[in-house]
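Please open the structure in a viewer and keep the selection panel at hand. The tour below proceeds from one selection to the next.

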Amino acid sequence: MEKLVSSWGNNVKSVPESYIFPPELRPGNNHKIPFNTSIPVIDLSELENDHHRFQTIQTIVKASEEFGFFQVINHGIDINLMKETRNVMKEVFEMSDEYKRKLYSEDPLKPCRLHTSRPTHATDGNQHLWRDYLNHPCHPLEEWQHLWPQNPTKYREYVGACSVEVKKLASRILRLISEGLGLKCEYFDKELSGSMLVSVNHYPACPEPSLTLGVSKHSDPNLITILLQDYVSGLQVLHHGQWIAVEPLPDAFLVNVGFQLQIISNGRLKCSDHRAVTNSSDARTTAAFFVAPLLDCVIEPAQAFIDEHHPPLFKSFKYKDFRSYYIAEKGDTEVVMKSFLA
Ligand code: OGA
Ligand code: NI
């Protein structure tokens with residue numbers, strides 16, 4: 001499959017022209033920056049200790065305000081399930097070209113498809129990205145699982161089990177955020193977090209990581225994202241105008257605030273721009289679980305954050321209208337944000 005980087009990326013000594021970003025957009029020397037340790041790693045087992053519970057919730061809220069990112073460990077999801085899920089996801093990209101051809105589609109409406117580096121964000125210009133991905137909905141499981149790949153043979157089993165656990169983890173985190181912000185604890189429980197999609201991203205090792213990107217600068221359009229990483233680094237977050245590198249912790253999940261959570265919190269929580277860089281020695285596979293509102297759900301700043309001194313900063317809209325606009329504007333953060341300001 002000549003379109004998929006995973007089919008030829010390992011055999012080239014240089015990056016093809018169409019993958020080279022203009023100098024101002026390429027990572028350059030920033031493809032290799034030291035890990036930033038200020039993005040907190042939060043131990044969720046501390047929640048069981050009455051003395052530490054309050055502090056843990058405060059740390060989650062503070063990280064969501066300051067970075068829009070944090071990692072969680074001791075989250076209750078079986079480490080072995082995480083490992084098996086990663087393995088079966090990696091296998092997808094090692095399958096034959098014949099297999100990939102059947103799964104590949106250019107139709108964005110197809111619920112389960114393998115796809116590649118077509119520019120999707122405003123910040124890619126016309127460049128291709130050094131990434132292939134498989135995406136499909138994963139909640140409610142019964143509705144979607146039969147559409148997923150039947151090969152690798154354990155794909156449905158592991159990804160299904162992991163999706164159920166990740167959805168529970170997301171709900172738990174949303175309840176903690178609600179508590180920390182002073183919303184009623186079940187605020188996000190129903191329609192606001194009613195759907196979940198997974199994007200299994202695969203970034204093959206790249207001969208010239210300074211010239212290209214795996215994912216260009218963007219913010220996630222959904223409510224909250226839970227990212228399963230392996231031990232290979234690549235994710236960078238834009239913080240006060242500087243790119244900072246996130247340490248990959250294979251036993252942790254990385255959590256990030258999406259546009260909808262920023263809007264509902266009336267700007268208190270921050271959805272930060274981020275990107276993925278490649279590296280020359282290791283392929284990297286991640287799974288981004290995008291928890292999102294149902295399409296007809298009305299999104300607006302929660303009443304709890306609004307009074308005469310704090311007017312709503314954002315309009316009220318249907319999530320599906322936001323999604324269409326985000327896609328039409330190729331996820332350009334500034335343009336999208338501006339048009340949903342009150
Ligand atoms: C995404 C994303 C980052 C990564 O899929 O939205 O930001 O490290 N992925 O794979
Ligand atoms: Ni993202």
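Throughout this tour, two residues are in contact when heavy atoms of theirs lie within 4.5 Å. Please note that the model is a predicted one.

**First selection: residues 192–293.** An unreviewed UniProt entry annotates this stretch as "domain: Fe2OG dioxygenase". Over residues 192–293 the chain is 6% helix and 43% strand. The C-alpha atoms at the two ends of the stretch are 4 Å apart.

**Second selection: ligand 1 and its shell.** Display ligand 1 together with N201, Y203, H218, D220, L227, L235, H274, R284, T286, A288 and F290, which surround it. By class, this shell comprises five nonpolar, four polar and two charged residues.

Three side chains in the shell deserve a distance label. Polar side-chain atoms lie 3.3 Å from an oxygen atom of ligand 1 in the case of D220 and 2.9 Å from an oxygen atom of ligand 1 in the case of R284. For T286, an N or O atom of the side chain is 2.7 Å from an oxygen atom of the ligand. Ligand 1 taken alone exposes 290 Å², and the protein buries 94% of that. Two elements give two or more residues each to the shell: strand 5 (195–203) and strand 12 (284–292). Strand 12 gives the most, with four residues.

**Third selection: H274.** Move next to strand 11 (residues 274–276), where H274 is found. Is H274 buried or exposed? Its relative accessible area is 5%, so H274 counts as buried, the limit for that term being under 20%. The side chains of H274 and D220 are joined by a polar contact of 3.1 Å. The side chain of H274 also reaches the backbone oxygen of S272, at 3.0 Å. Leaving out residues up to four places away in sequence, H274 touches F69, S216, K217, H218, S219, D220, L235, Q236, V237, W243 and N256.

**Fourth selection: S272.** Follow that backbone oxygen to S272 itself, in the loop between helix 7 (259–264) and strand 11. With a relative accessible area of 3%, S272 is likewise buried. Which backbone oxygen lies 2.6 Å from a polar atom of the side chain of S272? The backbone oxygen belongs to F67. Apart from its neighbours within four places in sequence, S272 is in contact with F67, G68, F69, H218, S219, V237, L238 and V257.

Note on methods. Residues numbered from 1 in each chain as written. Chains lettered and ligands numbered in written order. Predicted model: local features only at pLDDT ≥ 70, side-chain atom pairs only at ≥ 80, totals over all residues. Heavy atoms only, no water. Near = heavy atom within 4 Å. Polar contact = N/O pair within 3.5 Å; in protein donor to acceptor, adjacent residues only side chain to side chain. Areas by Shrake-Rupley, 256 points an atom, 1.4 Å probe, with all protein chains shown as cover. Nonpolar A, V, L, I, M, F, W, Y, C, P; charged D, E, K, R; others polar. Buried < 20%, exposed > 50% of the residue type's maximum accessible area, 1.4 Å probe, protein only. UniProt positions renumbered as here; feature names shortened; annotations may be inferred.
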